[in-house]
Amino acid sequence: MILLFSGGFDSTLLSLQYINDLNVLLHLRYDHPSKDQEYAASTRIYEQLKNINPSLQFKVIDLSINAENMSIGTGEIGSRYVPNRNAIFLSIASNFAAVQGIKKIIYGAAPADQHEYFDCTPIFIDSMSRALQITIEAPLLKKECCNLPATISKTTAKKILNMVWSCYQARGQEPCGICNSCTQDRPVLY
């Protein structure tokens with residue numbers, strides 16, 4: 001299974017929940033205000049996850065996509081919508097999966113995302129799954145979360161979740177605290 005992995009809360013939570021089934025954390029790096037912080041968080045988290053699942057791979061693909069809307073001004077409230085971002089990410093992940101013989105992709109679309117981002121809706125996910133001919137799931141939308149496998153203690157999970165970066169508009173090395181990602185309600189671990 002491939003997990004689209006940003007190093008943010010949602011994808012990290014899924015990495016913990018599905019650690020025993022994951023083959024690859026796929027980090028897609030593109031030009032946006034918090035790309036360096038996301039990448040740094042992703043690599044730190046991967047090092048911890050590899051201790052739990054030694055066969056887990058971390059792949060980084062650099063992309064050139066239009067992300068101008070991500071930067072609406074440091075500290076400004078508003079959507080950071082990147083047109084077709086998840087369609088692009090899922091298409092690349094499906095290509096990677098086909099080459100690796102992997103049959104499933106998951107990503108961290110969350111219930112709150114559906115209101116602002118069409119590419120986090122069940123209809124989008126079903127359509128992409130059919131178009132790309134691969135199983136694509138967003139477990140957080142189905143609330144199939146957040147049971148940890150026996151291989152991960154709550155203490156370890158909390159330590160790893162403290163490494164995430166979930167801000168669209170960094171203020172240097174600090175999250176802005178007001179973008180829609182910073183203010184989103186997060187699932188609770190069970």
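This passage describes strand β2, its strand partners and the largest cavity in a predicted model.

Strand β2 covers residues 24-29. Of its 6 residues, 5 are buried, so β2 is largely enclosed by the rest of the structure. On one side of the pairing pattern comes strand β1 (residues 2-4), which runs parallel to β2 and is joined to it by 3 bridges. Within this pair, Leu-3 is found opposite Leu-25 of β2. The chain passes from β1 through α1 to β2 in a right-handed β-α-β crossover.

Strand β2 also pairs with strand β3 (residues 57-62), again in the parallel sense, and here 6 bridges are found. Leu-26 has Lys-59 of β3 as its bridge partner. Helix α2 (residues 35-52) carries the chain from β2 to β3, and this β-α-β crossover is right-handed.

A closer look at one residue of β2 fills in the picture. His-27 belongs to this strand and has a relative accessible area of 1%, so it counts as buried. Beyond its neighbours within four places in sequence, His-27 is in contact with Phe-5, Ser-6, Glu-38, Tyr-39, Ser-42, Phe-58, Lys-59, Val-60 and Ile-61.

Turning to enclosed space, the model holds 1 cavity of 30 Å³ or more, and the largest cavity has a volume of about 530 Å³. Its lining comprises 32 residues, with Ser-6, Arg-85, Asn-86, Gly-108 and Tyr-168 nearest the centre. By type, the lining residues are 16 nonpolar, 9 polar and 7 charged. Strand β2 contributes here too: at least two lining residues come from each of α1 (9-17), β2 and α3 (85-100).

Notes:
Residues are numbered from 1 along each chain as its sequence is written. This is a predicted model: local features need pLDDT of at least 70, side-chain atom pairs count only at pLDDT 80 or more; totals for chains, interfaces and linings use all residues. Side-chain values use heavy atoms; hydrogens and water are left out. Helices (H or I, at least four residues) and strands (E, at least two) are DSSP runs, numbered from the N terminus. Buried means under 20% relative accessible area, exposed over 50%, partly exposed in between (1.4 Å probe, protein chains only). Contact means heavy atoms within 4.5 Å. On a 1 Å grid over the protein atoms alone, a cavity is a set of points where a 1.4 Å probe fits but cannot get out, and a pocket is an open set with protein on both sides within 12 Å along at least five of seven lines; lining residues have an atom within 4 Å of a point. Grid points are joined across faces, edges and corners, and a volume is the space filled by probe spheres set on the points. Ala, Val, Leu, Ile, Met, Phe, Trp, Tyr, Cys and Pro count as nonpolar, Asp, Glu, Lys and Arg as charged, and the others, Gly among them, as polar. Two strands pair if DSSP finds at least two bridges between them. A crossover is right-handed if, with the strands pointing away from the viewer, the path from the first strand over the helix to the second runs clockwise.
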